[in-house]
There are 2 protein chains.
Amino acid sequence: MKVRVNVVLKEGVLDPQGKAIGHALDVLGFHGLGEVRVGKTIEVDVPTENEEAAVAQGEAMARALLANLVIEDFSAEVVA
Amino acid sequence: MKVRVNVVLKEGVLDPQGKAIGHALDVLGFHGLGEVRVGKTIEVDVPTENEEAAVAQGEAMARALLANLVIEDFSAEVVA
């Protein structure tokens with residue numbers, strides 16, 4: 001079963017990469033954009049066929065390694 | 001309206017970052033994991049209230065800047 005962990009910067013944490021992307025998009029002709037935030041997704045094939053167990057394992061992996069809980073939030077969902 | 005662009009490496013493209021994460025997770029006690037793939041998400045506040053227009057703008061931004069179409073696939077969806 002495949003679980004996807006989404007990791008995003010917490011509200012209020014400065015996102016310089018997002019700012020740079022926003023600026024580049026404006027230069028490319030996409031005007032009037034608001035805030036741009038960048039996150040990452042980690043898709044992991046976990047060895048369980050139980051949805052709840054897969055999500056729980058995804059959350060455990062996020063806490064252990066994938067997310068920096070000081071500045072990042074995460075969510076986990078089953079994708080396949 | 002907020003649109004989220006998901007960018008992932010195409011099937012078959014080597015993902016060394018994913019491999020490293022998979023190895024680290026195994027060391028941390030998450031055994032038996034399958035493939036690990038890493039992607040990125042870009043959330044952009046676009047100046048439209050039309051869902052289709054927002055998704056179309058997200059896709060245009062992906063083609064213009066956010067995704068490397070040689071090795072990456074993307075999808076766009078409205079999130080708020």
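**Note on a predicted two-chain model**

1. Glu77(A) counts as partly exposed because its relative accessibility is 34%, where buried means under 20% relative accessible area, exposed means over 50%, and partly exposed lies in between, with a 1.4 Å probe and protein chains only. This is a predicted model, in which local features need pLDDT of at least 70 and side-chain atom pairs count only at pLDDT 80 or more, while totals for chains, interfaces and linings use all residues. Residues are numbered from 1 along each chain as its sequence is written, chains are lettered from A and ligands numbered from 1 in the order in which they are written, and side-chain values use heavy atoms, with hydrogens and water left out.

2. Glu77(A) is also a salt-bridge partner: its side chain meets that of Arg4(A) at 3.5 Å, N to O, a salt bridge being a side-chain nitrogen of Lys or Arg within 4 Å of a carboxyl oxygen of Asp or Glu. The pair ties together distant parts of the chain, with Arg4(A) in strand β1 (residues 2-9) of chain A and Glu77(A) in strand β3 (residues 72-78) of chain A, 73 residues apart. Strands here are DSSP runs of E with at least two residues, helices are runs of H or I with at least four, and both are numbered from the N terminus. Arg4(A), with a relative accessible area of 24%, is partly exposed.

3. In chain B, the side chains of Arg4(B) and Glu77(B) meet in a salt bridge at 3.6 Å, N to O. This pair, too, links distant parts of its chain, since Arg4(B) belongs to strand β1 (residues 2-9) of chain B and Glu77(B) to strand β3 of chain B, 73 residues apart. Arg4(B) is partly exposed at 25% relative accessibility, and Glu77(B) is partly exposed at 34%. In chain A, salt bridges that share partners join Arg4(A), Glu43(A) and Glu77(A) into one network.

4. Over all chains, the count of salt bridges by this rule comes to six. One of them brings together the side chains of Arg37(A) and Glu35(A), at 3.5 Å, N to O. Arg37(A) is buried, with a relative accessible area of 17%, whereas Glu35(A) is partly exposed at 46% relative accessibility.

5. Glu72(B), in strand β3 (residues 72-78) of chain B, deserves a separate remark. This residue is buried yet has no salt bridge, and the nearest side chain of opposite charge, that of Lys40(B), is 4.1 Å away; for charge, Lys and Arg count as positive and Asp and Glu as negative, while His and the chain ends are not counted. If residues up to four places away in sequence are set aside, Glu72(B) touches Val7(B), Val8(B), Leu9(B), Lys10(B), Lys40(B), Leu66(B) and Ala67(B), contact meaning heavy atoms within 4.5 Å.

6. How are the two chains related? Chain B is superposed on chain A by a rotation of 180 degrees with 0.0 Å of shift along its axis, at an RMSD of 0.0 Å, the fit being by least squares on the C-alpha atoms of residues with pLDDT of at least 70 in both copies. The two copies are therefore related as by a two-fold rotation axis. The same surface serves both copies, in that 100% of the contact residues of chain B recur in chain A. Among the residues of chain B, Lys40(B) comes closest to the rotation axis, its C-alpha lying at 2.1 Å.

7. Helix α1 of chain B (residues 16-27) has twelve residues and reaches 17 Å from its first C-alpha to its last, close to the expected 16 Å, which is reckoned as 1.5 Å times one less than the number of residues. Its buried residues are Gly18(B), Ile21(B), Gly22(B) and Leu25(B). They cover an arc of only 100 degrees around the axis, so they lie on the same side of α1(B), the arc being that of the directions from the helix axis to the C-beta atoms. On the other side, Pro16(B), Lys19(B), His23(B) and Val27(B) are exposed. The cover over the buried residues of α1(B) includes β2 (36-45) and α2 (51-66) of chain A, together with β2 (36-45) of chain B.

8. Helix α2(A) has 16 residues, but its end C-alpha atoms are only 20 Å apart, short of the 22 Å that a straight helix would reach. Buried in α2(A) are Ala54(A), Gln57(A), Gly58(A), Met61(A), Ala62(A) and Leu66(A). These fall within an arc of 145 degrees seen down the axis, so they line one face of the helix, while Glu52(A) and Arg63(A) are exposed on the other side. What covers the buried residues of α2(A) includes β1, β2 and β3 of chain A, together with α1 of chain B.
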